[in-house]
Amino acid sequence: MGEATWAHLLRCLRPGGTIVIAGTTPGTGPEEDMGRIFYQQLHVLGSTGSTRHEMVAMLRMLSMRASLP
């Protein structure tokens, strides 16, 4: 996630919104806009990855959800 993407994501969130980040390939990341995060009460969740079991469970859940009317 680069600096331009981060800034765009923060602007897209409505108050109380959440950004979920799964890994980062371009480095440690951009500077935070702490004022926006604080005043808009935004949530930033991150993960380095998952186990194979967790990935299979997630794919099954998505597959089941996609088949719902």
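Trainee: Where is the place of Met 61?

Mentor: Happy to start there. In this predicted model, Met 61 counts as partly exposed, at 48% relative accessibility. As for its place, that is helix H3, residues 52–66.

Trainee: About how much accessible area do Met 55, Met 58, Leu 59, Met 61 and Leu 62 have together?

Mentor: These five names belong together, since they form a nonpolar patch on the surface. Met 61, one of them, has a relative accessible area of 48%, and a patch residue needs over 30%. Together the patch residues have about 450 Å².

Trainee: Good, now the whole chain. Which pattern does it follow along the sequence?

Mentor: Begin with the elements: the chain has 3 helices and 2 strands. Among them are helix H1 at 3–12 and strand S1 at 18–22, helix H2 at 34–39, and strand S2 at 43–47. Read along the sequence, the pattern is α-β-α-β-α.

Trainee: What percentage of the residues of the chain count as buried?

Mentor: Buried here means under 20% relative accessible area. The accessible surface of the chain comes to about 5900 Å², with 58% of it belonging to carbon and sulfur atoms. Of the 69 residues, the buried share is 13%.

Trainee: Which elements give two or more residues to the largest nonpolar core?

Mentor: Let's list the core: it has 7 residues, namely Trp 6, Leu 10, Leu 13, Ile 19, Ile 21, Ile 37 and Leu 42. Leu 13, one of these, is in contact with Thr 18, Ile 19 and Leu 42, leaving aside its neighbours within four places in sequence. The elements that give two or more residues are helix H1 and strand S1.

Trainee: Which residues does His 43 touch, not counting those up to four places away in sequence?

Mentor: His 43 lies in strand S2 and is partly exposed, with a relative accessible area of 41%. His 43 and Pro 15 are 28 residues apart in sequence, and their C-alpha atoms are 9.5 Å apart in space. The residues that His 43 touches are Gly 16, Gly 17, Thr 18 and Ile 19.

Trainee: How far apart in space are Gly 49 and Ile 21, C-alpha to C-alpha?

Mentor: Gly 49 lies in the loop between S2 and H3, and is partly exposed at 48% relative accessible area. Ile 21 is a member of the largest nonpolar core. The two are 28 residues apart in sequence, and in space their C-alpha distance is 9.8 Å.

Trainee: Among contacts between residues at least 6 apart in sequence, what percentage join residues at least 24 apart?

Mentor: The contacts meant here have heavy atoms within 4.5 Å. Counted across the chain, the share that joins residues at least 24 apart is 76%.

Trainee: What is special about Gln 41, and what is its phi near?

Mentor: Gln 41 sits in the loop between helix H2 and S2, and is exposed, with a relative accessible area of 59%. Its phi is positive, in a residue other than glycine. The value is near 50°.

Trainee: Why is the pair of Phe 38 and Tyr 39 edge-to-face?

Mentor: The count comes to 1 aromatic pair. The ring centres of Phe 38 and Tyr 39 are 5.0 Å apart, and planes over 60 degrees apart count as edge-to-face. Both are exposed, Phe 38 at 60% relative accessible area and Tyr 39 at 66%. The pair earns its label because the planes stand at 80°.

Methods
Residues are numbered from 1 along each chain as its sequence is written. This is a predicted model: local features need pLDDT of at least 70, side-chain atom pairs count only at pLDDT 80 or more; totals for chains, interfaces and linings use all residues. Side-chain values use heavy atoms; hydrogens and water are left out. Rings of Phe, Tyr and Trp (its six-membered ring) pair if their centres lie within 6.5 Å; planes under 30 degrees apart count as stacked, over 60 as edge-to-face and the rest as tilted. Buried means under 20% relative accessible area, exposed over 50%, partly exposed in between (1.4 Å probe, protein chains only). Patches are made of residues with over 30% relative accessible area and no salt bridge: like charges are joined within 9 Å, nonpolar side chains (Val, Leu, Ile, Met, Phe, Trp, Tyr) within 5 Å. Accessible areas come from the Shrake-Rupley method with a 1.4 Å probe; for residues, only the protein chains shown count as cover. A salt bridge is a side-chain nitrogen of Lys or Arg within 4 Å of a carboxyl oxygen of Asp or Glu. Helices (H or I, at least four residues) and strands (E, at least two) are DSSP runs, numbered from the N terminus. A nonpolar core is a set of buried Ala, Val, Leu, Ile, Met, Phe, Trp, Tyr and Cys residues joined through side-chain atoms within 4.5 Å.
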